[in-house]
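I opened this entry to record what I looked up, item by item, and to keep the cut-offs beside each term.

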Amino acid sequence: MKQLGMDIGTSSVKLVLMEDGVIRGKWMGKHHGRLLATILAGLESLAPRDEDWLCAVTGANARIVTERTDVFRLGDVPALTEGLKKICPEAGSVIDIG
């Protein structure tokens, strides 16, 4: 199954589509306050509508998606921790510098 991760921040939207632990696509766009339109543009370019995928969202504006859907919200620190486990399992800590 494909997995979609979204980071909806204060100025940009970042999307990553993965399948079986391999990144299949990445997308980033500045939203200029048009969050939903930017998210939809990213989804159109990355995630075909006829396929099933799991989705989780993080970021300062994640609520724009989680309030309207059943999408899972993951806090920034847990998202960083889980991502670090995948790309560098021997790391003992992570520092978020914003």
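**Core, a buried loop residue, cysteines**

I began with Ile39, which touches Met6, Ile8, Val13, Leu15, Ile64 and Val65, not counting residues up to four places away in sequence; contact here means heavy atoms within 4.5 Å. I note that this is a predicted model, in which local features need pLDDT of at least 70 and side-chain atom pairs count only at pLDDT 80 or more, while totals for chains, interfaces and linings use all residues. Residues are numbered from 1 along each chain as its sequence is written, and side-chain values use heavy atoms, with hydrogens and water left out.

I then looked up the largest nonpolar core (buried Ala, Val, Leu, Ile, Met, Phe, Trp, Tyr and Cys residues joined through side-chain atoms within 4.5 Å), and found that it has 15 residues, with Leu4, Met6, Ile8, Leu15 and Ile39 making the most contacts inside it. At least two residues of this core come from each of β1 (2–8), β2 (12–19), α1 (35–46), β4 and α2, these being DSSP runs numbered from the N terminus (helices H or I, at least four residues; strands E, at least two). The most is given by α1, with four residues.

Next I checked Asn61, which lies in the loop between β4 (53–58) and α2 (63–66). Asn61 counts as buried because its relative accessibility is 13%, where buried means under 20% relative accessible area, exposed over 50% and partly exposed in between (1.4 Å probe, protein chains only). Not counting residues up to four places away in sequence, Asn61 touches Ile8, Gly9, Thr10, His31 and Leu35.

Last, I looked for disulfides (pairs of cysteine sulfur atoms within 2.5 Å) and the count came to zero. Cys55 is buried at 18% relative accessible area, whereas Cys88 is partly exposed at 26%.
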